[in-house]
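Here are my notes on the model you sent over, set out point by point. Have the viewer open while you read.

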Amino acid sequence: MIVPIPWVFTGIGIASIAVSIPMILHRVPMNRWYGARTRKAFAWDEAWYEINAFGGKAFFVFGLLLVAVAWFGRDVLPDPREPLAAVVMAVPAVALLAVLLAVRLFSGRFPDE
């Protein structure tokens with residue numbers, strides 16, 4: 001079964017929003033599995049929560065934008081079998097890299113200890 005691109009974008013967007021909310025609300029304690037994976041985030045608790053809150057907000061916006069593109073672009077997004085679909089499907093990956101870079105840059109504002 002070939003899944004339409006708007007459904008894929010919606011799924012990724014909703015998952016991003018769901019993952020981001022506990023981070024925004026400072027509900028994710030320091031751990032090895034869930035949250036920002038930067039050296040400075042592990043330096044001290046306050047840095048962990050602030051960096052994760054920033055990352056959560058960035059992921060939340062990413063998720064909202066992806067759902068909006070899926071909803072408003074559903075009539076113009078290509079069929080998954082078209083060659084252009086591969087390029088369109090790469091856009092969220094590039095945007096996600098931008099989000100990760102923003103979190104990395106934000107974490108640079110904190111001291112090591």
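**Notes on the predicted model**

1. Let's begin with one aromatic residue. Phe-54 has a relative accessible area of 29%, so it counts as partly exposed. Keep in mind throughout that this is a predicted model. Phe-54 comes back below, together with its ring partner.

2. Now the overall layout. The protein chain has three helices and zero strands, and reading along the sequence gives the pattern α-α-α. Along the principal axes, the C-alpha atoms fill a box of roughly 50 × 25 × 20 Å. Of the 113 residues, 33% count as buried. As for contacts between residues at least 6 apart in sequence, 67% of them join residues at least 24 apart.

3. On to the rings. How many aromatic pairs does a search of the whole structure find? There are four. One of them is the edge-to-face pair of Trp-44 and Phe-110, with 6.2 Å centre to centre and 70° between the planes. That pair links distant parts of the chain: Trp-44 belongs to the loop between helix H1 (5–24) and helix H2 (45–72), while Phe-110 sits in the segment after helix H3 (84–107), 66 residues apart. The two partners also differ in burial class, since Trp-44 is partly exposed at 26% relative accessibility and Phe-110 is buried at 13%.

4. Back to Phe-54. Its ring and that of Phe-106 make a stacked pair, 4.2 Å centre to centre with 5° between the planes. Phe-54 is in helix H2 and Phe-106 in helix H3, so this pair ties together parts that are 52 residues apart in sequence. Phe-106 has a relative accessibility of 14% and therefore counts as buried, whereas Phe-54 is partly exposed. Zooming out a little, ring pairs join Trp-44, Phe-54, Phe-106 and Phe-110 into a cluster.

5. There is a charge-over-ring arrangement to look at as well. Arg-74 lies over the face of Trp-71, at 4.2 Å from the ring centre.

6. Next, helix H1. This helix has 20 residues, and the distance from its first C-alpha to its last is 28 Å, close to the 28 Å expected at 1.5 Å a residue. Its buried residues are Ile-5, Pro-6, Phe-9, Gly-13, Ser-16, Ile-17, Ser-20 and Met-23. Why do they sit on the same side of H1? Because they cover an arc of only 120° around the axis. Trp-7 and Ile-14 are exposed on the other side of H1. H2 and H3 are among what covers the buried residues of H1. Just past the helix, have a look at His-26, which follows H1 and has a positive phi, near 60°.

7. One more residue in H1 is worth a click. Gly-11 is found in that helix, and with a relative accessible area of 39% it is partly exposed. The C-alpha atoms of Gly-11 and Val-67 are separated by 8.1 Å, although these residues are 56 residues apart along the chain.

8. Which residues does Thr-38 touch, not counting residues up to four places away in sequence? They are Ile-51, Arg-104 and Ser-107. Thr-38 is found in the loop between H1 and H2. Loop or not, Thr-38 has a relative accessible area of 9%, and because the cut-off for buried is under 20%, Thr-38 counts as buried.

9. Last, the salt bridges. The structure holds one. In it, the side chains of Asp-79 and Arg-81 meet at 3.2 Å, N to O. Is each partner buried, partly exposed or exposed? Asp-79 is partly exposed at 29% relative accessibility, and Arg-81 is exposed at 60%.

How values were computed:
Residues are numbered from 1 along each chain as its sequence is written. This is a predicted model: local features need pLDDT of at least 70, side-chain atom pairs count only at pLDDT 80 or more; totals for chains, interfaces and linings use all residues. Side-chain values use heavy atoms; hydrogens and water are left out. Rings of Phe, Tyr and Trp (its six-membered ring) pair if their centres lie within 6.5 Å; planes under 30 degrees apart count as stacked, over 60 as edge-to-face and the rest as tilted. Helices (H or I, at least four residues) and strands (E, at least two) are DSSP runs, numbered from the N terminus. Buried means under 20% relative accessible area, exposed over 50%, partly exposed in between (1.4 Å probe, protein chains only). A charge sits over a ring if NZ of Lys or CZ of Arg is within 6 Å of the ring centre and within 35 degrees of the ring normal. The expected span of a helix is 1.5 Å times one less than its number of residues. The arc is that of the directions from the helix axis to the C-beta atoms. Contact means heavy atoms within 4.5 Å. A salt bridge is a side-chain nitrogen of Lys or Arg within 4 Å of a carboxyl oxygen of Asp or Glu.
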